[in-house]
Structures are given as structure tokens and as C-alpha cells.
Amino acid sequence: MDAFEMPTEMRCIEISEPGGPEVLTEARRAVPVPGHGEILIEVAYAGVNRPDALQRAGAYKAPLGASDLPGLECSGRVAALGPGVTGWSVGDQVCALLPGGGYAEFATCPAEHALPVPVGVDLKSAACLPETCFTVWSNVVMRGGLKAGERFLVHGGSSGIGTTAIQIAKALGARVFTTAGSPEKCAACEELGATAINYKTGDFVDVLRAEGGANLVLDMVGGSYIARNIKAMADDARMVFIAFLESPKAEINFAQVMLRRLTITGSTLRPQSDAAKAEIARQLLGQVWPMVSAGKLRVIHDSTFPLAEAAAAHARMESSQHIGKIVMEVKGG
């Protein structure tokens with residue numbers, strides 16, 4: 001994009017006040033200017049994620065210095081380079097993890113948090129990769145230490161995180177078990193290579209105990225699942241929390257943690273340092289992007305909404321009827 005083509009204003013989606021999907025309103029703002037070490041992205045597609053809904057509801061504030069607009073991932077083309085940026089050129093196709101601001105025609109992010117669009121992947125699919133891949137790789141591999149041959153349990157297997165976690169774990173040689181809430185969702189998880197348990201009709205604890213227990217659990221539910229996860233774990237197993245859709249509180253018997261040498265940990269992605277996210281990006285480029293290009297990791301699409309229908313996109317996500325990723329088309333590509 002030539003400098004003379006750069007608009008001064010852009011369409012975006014603001015949060016008018018904390019509340020439901022209806023508080024997402026279309027607005028116009030000045031195009032942001034990339035700072036030192038940042039790139040400006042002309043957004044083609046923006047991914048829709050649970051943290052966006054939490055921010056909209058007033059439960060997840062943007063970090064200091066980040067855009068107050070929702071949107072934690074996007075795909076598009078590099079529109080401008082901030083001072084000190086190397087390795088990128090204007091016009092390059094990218095997908096990126098954002099500190100915020102993805103629900104807009106332009107967004108900035110640290111250059112080291114952007115990745116080239118994988119070979120054979122279109123911009124719509126590329127917009128669905130950053131948030132889930134950063135989250136899954138950093139928690140399942142870097143924090144959780146998943147190894148080939150281990151038994152891996154991920155809850156919410158039909159979600160964007162779940163479908164990504166199933167595929168990455170399978171590519172790494174793990175045996176994958178997952179929970180989902182309908183026959184259709186279970187079938188989608190089975191197609192990706194997981195043993196799926198319908199949590200409305202079956203008990204994941206019984207299934208995992210019969211298999212020798214889970215060596216690693218990735219949990220986004222919390223609440224009543226916490227004690228049940230512990231029962232489902234093998235000795236010396238690890239459990240990693242990334243969200244608490246039910247509750248962050250539970251009563252558990254910590255004697256089991258001691259006697260069976262269990263490790264319980266967790267993380268959130270957005271507040272981590274720029275350097276930590278840059279290291280995750282480097283590992284994704286070297287180890288996960290080849291999985292994508294080889295077809296071992298593919299994006300499972302649920303639906304696409306125009307930017308102006310952000311409220312409908314959020315309503316779809318919060319209905320929990322979706323299978324895979326929800327994305328918004330900003331400028332296409």
C-alpha cells in the first residue's frame with residue numbers, strides 16, 4: 001500500500017458500555033500509527049474469541065497501552081512499518097496476535113507477534129490461527145510438556161481451542177480424549193482423531209480411568225470439573241487451566257495432589273510480556289506452521305459475519321452451538 005492511499009479514518013466496532021452483544025456498535029476512528037517495533041495491518045478478517053466477550057461484558061480489561069477496541073487476532077496485509085522494524089515489508093500477508101483492536105479496518109501490533117500466512121492457507125483461515133495456536137502451544141507444550149504417547153484430555157473439544165488442541169496433540173503423537181455436548185460436536189472431534197465423550201450422557205472420569213488416566217489435562221471449564229479432572233488424572237500428571245467458564249472456585253482434596261505428585265498450573269495469554277509472546281511466535285513458526293502447511297492442522301470454520309454484524313457473531317459464540325472458529329470479514333482478501 002502506497003502512502004498516498006492510506007486513509008486517515010477507519011471503521012471499527014466499539015464497546016459502548018459493558019453488557020451483552022448489543023453493546024457492540026459500529027464507529028469511526030483515526031487509523032492508528034505504529035510505534036517503535038510495531039507494524040500496521042490492514043485487516044482482512046478478525047477472529048472472534050471468548051476473551052472478546054469477557055471484555056465486552058466488562059470482565060476483562062485491555063492491558064495498559066493497548067487499544068480499547070476488542071479483537072485479539074487478525075489477518076491482512078502490512079500497511080506500514082513503525083521505527084526499528086525489520087523482517088517485514090509493506091504488502092506482506094500476515095496473521096497476528098493482537099493486544100486489542102482487531103475489530104477494525106486497521107490494527108497495530110508488535111512486529112514479533114505477527115507471522116506469515118502459512119503456505120496454502122487463505123486469509124480467512126489465517127485469521128483463525130493466532131489466538132488458538134498461541135494459547136494451545138504455550139499451555140499444552142511449553143507449560144504442559146505434552147509428549148508422544150501420552151494421554152491428553154482437552155475439554156470443549158469442538159471449540160476453536162479444542163479443535164486446535166486435538167490436532168496439535170495428534171500431530172505430536174499423543175492419544176487425545178475430549179468432551180463435547182452433542183452427538184454432532186462429538187462426531188466433529190472424532191473426525192479430528194480424538195476419542196470424544198458426550199458430557200451429557202457419559203462420564204469422562206470413568207473413560208480416562210479405564211485407560212490409565214490422563215497425563216495432561218487442558219481445562220477451560222473449572223468449577224465442578226476441577227475435582228473430576230484430578231480423579232481422571234494419572235500419577236505424575238499435569239493439569240493446565242486457561243479459562244473458567246463454570247467457576248474459578250472449587251473444593252478439592254489436596255492430599256491427592258501430594259500423594260500422586262500432580263502438577264496444577266495455568267495461564268492467560270493477553271497479560272504476558274511482549275518478549276514471552278515473541279518466543280511463542282518463534283516456536284509456532286518453527287514447529288506449528290509446518291503442521292499447517294502439511295495439512296496436519298487445519299482451521300475448522302463455524303461461520304463468517306461482516307464486521308457490522310459483530311453483535312450477531314458474539315451471540316453465535318455465546319450460544320455455544322458453534323463448532324470451530326467464528327470469524328468476521330473486514331475487508332476480505
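**Notes on cavities, cores and pockets**

1. The second largest cavity has a volume of about 50 Å³, and that is a value from a predicted model. Its lining takes in Cys128, Leu129, Thr132, Gly160, Thr163, Thr164, Gln167, Leu297, Arg298, Val299, Ile300 and Lys325. Sorted by type, those lining residues come out as five nonpolar, five polar and two charged. Helix α4 (residues 160-171) is the main contributor to this lining, with four residues.

2. How many cavities of 30 Å³ or more are there? The count comes to two. The largest cavity has a volume of about 60 Å³. Around the largest cavity sit Leu72, Leu97, Leu98, Pro99, His113, Glu131, Leu269, Arg270 and Lys277. Here the split is five nonpolar, one polar and three charged.

3. On to the open spaces. The largest pocket has a volume of about 1,200 Å³ and is lined by 48 residues. If you want to find its centre, go to Arg50, Ser159, Met220, Ala243 and Leu245, the lining residues nearest to it. At least two lining residues of the largest pocket come from each of α1 (50-56), α3 (130-143), α4, β9 (175-180), α10 (310-318) and β15 (325-329). By type, the lining of the largest pocket has 21 nonpolar, 19 polar and eight charged residues.

4. The second largest pocket has a volume of about 700 Å³. It is lined by 39 residues, with Glu38, Pro99, Thr108, Pro110 and His113 closest to its centre. Pro99 and His113 also turn up in the lining of the largest cavity. Which element gives the most to the lining of the second largest pocket? That would be α9, with seven residues. β2 (24-30), β6 (106-110) and β7, like α9, each supply at least two. The types here are 21 nonpolar, eleven polar and seven charged.

5. Now the packing. The largest nonpolar core has 70 residues, and the members that touch the most others are Phe134, Val140, Phe152, Leu218, Leu284, Val288 and Trp289. Helix α9 (residues 274-293) gives the most to this core, with seven residues. As background, nonpolar side chains tend to be buried together in soluble globular proteins.

6. Take Val288, one of those well-connected core members. Beyond the residues up to four places away in sequence, Val288 touches Cys133, Trp137, Ile168, Gln283 and Leu297. Leu297 is also among the residues lining the second largest cavity. Apart from the largest core lies another, of 28 residues, including Ala46, Val48, Ala114 and Leu307.

7. Last, a look at Val117, which lies in the loop between β7 (114-116) and α2 (123-126). Is this loop residue buried or exposed? Val117 has a relative accessible area of 14%, and the cut-off for buried is under 20%, so Val117 counts as buried. Setting aside neighbours within four places in sequence, Val117 is in contact with Gln93, Val94, Cys95, Asp122, Leu123 and Ala126. Gly76 is 41 residues from Val117 in sequence, and the two C-alpha atoms are 8.9 Å apart in space.

8. Places to start when you open the model: α9, for its seven residues in the largest core and its seven in the lining of the second largest pocket; and α4, which gives four residues to the lining of the second largest cavity and at least two to that of the largest pocket.

Methods. Residues are numbered from 1 along each chain as its sequence is written. This is a predicted model: local features need pLDDT of at least 70, side-chain atom pairs count only at pLDDT 80 or more; totals for chains, interfaces and linings use all residues. Side-chain values use heavy atoms; hydrogens and water are left out. Buried means under 20% relative accessible area, exposed over 50%, partly exposed in between (1.4 Å probe, protein chains only). Contact means heavy atoms within 4.5 Å. On a 1 Å grid over the protein atoms alone, a cavity is a set of points where a 1.4 Å probe fits but cannot get out, and a pocket is an open set with protein on both sides within 12 Å along at least five of seven lines; lining residues have an atom within 4 Å of a point. Grid points are joined across faces, edges and corners, and a volume is the space filled by probe spheres set on the points. Ala, Val, Leu, Ile, Met, Phe, Trp, Tyr, Cys and Pro count as nonpolar, Asp, Glu, Lys and Arg as charged, and the others, Gly among them, as polar. A nonpolar core is a set of buried Ala, Val, Leu, Ile, Met, Phe, Trp, Tyr and Cys residues joined through side-chain atoms within 4.5 Å.
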